Amino acid sequence: MGSLAIRKVVYTGDQYYFESPTFENGLSIIEGPNGTGKSTFFNLIYYGLGGRVDEFNPSSPETHKEIIGDSNNMVRLVIEIDGELFTLNRRFRDNSITVVKASTAVDDVATTFESVTLPIQRREDVKTFSDWLLDRLNIPVVDIFQAGKQFKLNFSDLARLIYHNQSPDPNGIYKPAEVGNYISDSLEIRRAIFQILVGKTLLDLYNAIGRQKIAERDAATARSVHQEYQNIVEQLLKASGITDIANTKALAERIRELEAQIEALLATRKGFARGELGTAEAQQTLAADLTNIRALEVRKHELDEEREKLVREASRLIDVERSLQADIERINKVIYAHGQLNLFSSDTCPYCLNDVARTPGHCVCGNTVEELDFQRFFYSPAEYLDILKTKSKSLETLRLAIAGVREDSARWNLERAEVQDRLQLHRIRVQEANASPASVEHAIEELDAKLLDARDRLAKATEAYRLEAKLAELLKRYNNKKTAFDLAKAEVARLDGESATELHNQIEAFDRVYNDSMTSVVAECRHACIDSQTYLPLINSGEYREHSAKVPKRFLYYLALLQLSLLSEIPFPRLLLVDTPETAGIDFERLIKMLRQIELLENPNSRNFQILFSTGVKKYPPEFEDNVVMKLTESARLLTKREEVANDH
């Protein structure tokens, strides 16, 4: 699987500047006292990789005053993915990242300079920066289906087990989600993150589940469309006077027969037209009547085409009306349930559903939040009523359009009846024209009647063929979608069995590494493993809760993931970002023991890996002195003013 490494971090702005040294593989330590910029260093990396950093947001309660107050500022990362170097440029207050791959010369031939700007936030099917990064790491973008919603896991989700940030609660293990809600930080999401990072087959399984869900949705949609269209076809055929059902093959044969019959009638009529037509007065009257009949037949044909258009328009409007009515019914149910049960509100616990005396400006868990953030999940009855009014207004407008179609249909019926009456009148006049029973005029009238009947039956057969052909096409589409769903379902079943075995083996391997590290660092730890359902650590079967073990419990969890990636082919990108773990509370002796576990990493295949680690002054084993690549002090903080840079030169 792919590996990711940070080679250089650069911050540039009108007022401040920072450029890191080049970070090599292995362990690189950033040393400095609190408040000198160690956390800012890791926040710049995370921001440059597409993450959201609250203190870089001007609207956050706590902001980084130097960066927020700077202008024309950006972060630039040089990263290496499987031996290829890329430069990532992200401006502050911008939601896009420009990826640059510099041209290189091979045999004195320079490759093309590559540059692409990708959005960070997902909008429909546009490729995002996260999609690009995961693709480079050979990690497919996985679709997650939860709580009736579908969304894709981004790199920032997987980074929750790559970026060991400063957490006020090390028991949490995972880096907090960027958007803290019951979906983004649910157990299922955290399980998915762990499973994707430790199992290749598990990754394939999540991909297959996503394809199955999409195939199931497509099959259901195709089935619904086919059924609706079949009902419409039956109504249209019934309105046209066609009561018998025939498939496209039978209808095609009927069309060929009618076309041959019409061709024969036309040939016969031409033969009669060359004969005697009676007196001059009879000829003139008959010619006028025949001309009127032909003109009326053309108008009748035009009216029939208009009727077909009206029928199609009416069918489309009826479909939209049904959809709107269904939406309104669902919203009414939500309003009723909300009004009767009051299940969801910003002052309701999402777990036990009891009322909570929530402090304004704070979440039910106590964290500071913006009150407007609740609008994403909770709606008042008034807001639901606004949505209902909008849908109802759309339905009224649609029904006006349907009424207009009905008025057009009524006008069409009147005009067609008038044309039919005039046709009948002229046919009677032709029949009663001054001619003997054996005259040519009578024979031509009979032929015209047969032609009209044959053409009418041909028009109906042609329309029925068109409708049946479309219906057959929709049925074929549904069958194809159903077959695709069945195949996707079978693939999920196959991978589910394989992934269960793989996951069991990976958990056993993880437990061996984790237990060895924890028992080496924490003397009171008899046994350490992870829960097979939640993948969270259990020390002494969950009985041991000593505060001093919280830091190694979290740090060694991340280190165990890195160890697995060095021993086997798993998607974990062999990168750890660790920000000052001792601030969460750990004695110096245990901290040194914990950090020495890095030296014990086994790497039999000599795979590249990288650990960027920040810590306080001299808060690392003496043998790690050569790994210190950056030293921050009170006088030499991370960000340097531009005037100071100019004075140094």
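## A tour of the predicted model

Begin by selecting Arg 90 and Tyr 47, where the charged end of Arg 90 sits over the ring of Tyr 47, 3.6 Å from its centre. Keep in mind at this and every later stop that the model is predicted.

**The open sheet**

Next, select the strands S9, S6, S5, S4, S1, S2 and S18, which in that order make up an open sheet of 7 strands with antiparallel pairing. At its edges are strand S9 (114-119) and strand S18 (640-641), each of which pairs on one side only. If you zoom in on strand S2 (residues 16-19), you will find that 2 bridges join S2 to S18 and that the two run antiparallel; Tyr 16 has Lys 641 in S18 as its bridge partner.

Now add helix H1 (residues 38-48), which packs on this sheet and touches strand S1 (4-12), S2, strand S4 (74-81), strand S5 (84-91) and strand S6 (96-101), while its direction makes about 75 degrees with that of S4. Then bring in helix H3 (residues 129-136), which lies across S4, S5, S6 and S9 and runs at about 165 degrees to S5.

**An enclosed strand**

Move on to strand S3 (residues 26-31), where 6 of the 6 residues are buried, so the strand is largely enclosed by the rest of the structure. Which partners does S3 have, when you look for parallel pairing? Over 6 bridges S3 pairs in the parallel sense with strand S16 (residues 610-615), and there Leu 27 stands opposite Ile 611. S3 also pairs in the parallel sense with strand S17 (residues 628-631), over 3 bridges, and in this case Ile 29 stands opposite Val 628.

**Aromatic rings**

The next stop concerns the aromatic side chains, for the structure holds 18 aromatic pairs. Select Phe 194 and Tyr 535 to see a stacked pair, with 4.6 Å from centre to centre and 20 degrees between the planes. Phe 194 lies in helix H5 (residues 187-198) and Tyr 535 in the loop between strand S13 (528-530) and strand S14 (537-539), so this pair ties together parts that are 341 residues apart in sequence. Both Phe 194 and Tyr 535 are buried.

Keep Phe 194 selected and add Tyr 557: the centres of these two rings are 6.3 Å apart and their planes stand at 50 degrees, so the pair is tilted. This pair, too, links distant parts of the chain, since Tyr 557 belongs to helix H11 (residues 550-567) and Phe 194 to helix H5, 363 residues apart. Are these two residues buried or exposed? Phe 194 has 1% relative accessibility and therefore counts as buried, and Tyr 557, at 0%, counts as buried as well.

For a further group of rings, select Phe 18, Phe 23, Phe 41, Phe 42, Tyr 46 and Tyr 163, which form one aromatic cluster.

**The annotated coiled-coil region**

Finally, select residues 293-320, where an unreviewed UniProt entry places the feature "coiled-coil region". In the model this span is 100% helix and 0% strand, and its end C-alpha atoms lie 41 Å apart. From Ile 293, look across to Gln 424, which is 131 residues away in sequence but 8.9 Å away in space, C-alpha to C-alpha. Gln 424 is found in helix H9 (residues 381-431), and because its relative accessibility is 41%, Gln 424 counts as partly exposed.

Technical notes. Residues are numbered from 1 along each chain as its sequence is written. This is a predicted model: local features need pLDDT of at least 70, side-chain atom pairs count only at pLDDT 80 or more; totals for chains, interfaces and linings use all residues. Side-chain values use heavy atoms; hydrogens and water are left out. Rings of Phe, Tyr and Trp (its six-membered ring) pair if their centres lie within 6.5 Å; planes under 30 degrees apart count as stacked, over 60 as edge-to-face and the rest as tilted. Helices (H or I, at least four residues) and strands (E, at least two) are DSSP runs, numbered from the N terminus. Buried means under 20% relative accessible area, exposed over 50%, partly exposed in between (1.4 Å probe, protein chains only). A charge sits over a ring if NZ of Lys or CZ of Arg is within 6 Å of the ring centre and within 35 degrees of the ring normal. UniProt positions are given in the numbering used here, feature names are shortened, and annotations may be inferred rather than shown by experiment. Two strands pair if DSSP finds at least two bridges between them. Contact means heavy atoms within 4.5 Å. Axes are lines fitted to C-alpha atoms, for helices over the stretch in contact, and angles run from 0 to 180 degrees between N-to-C directions.
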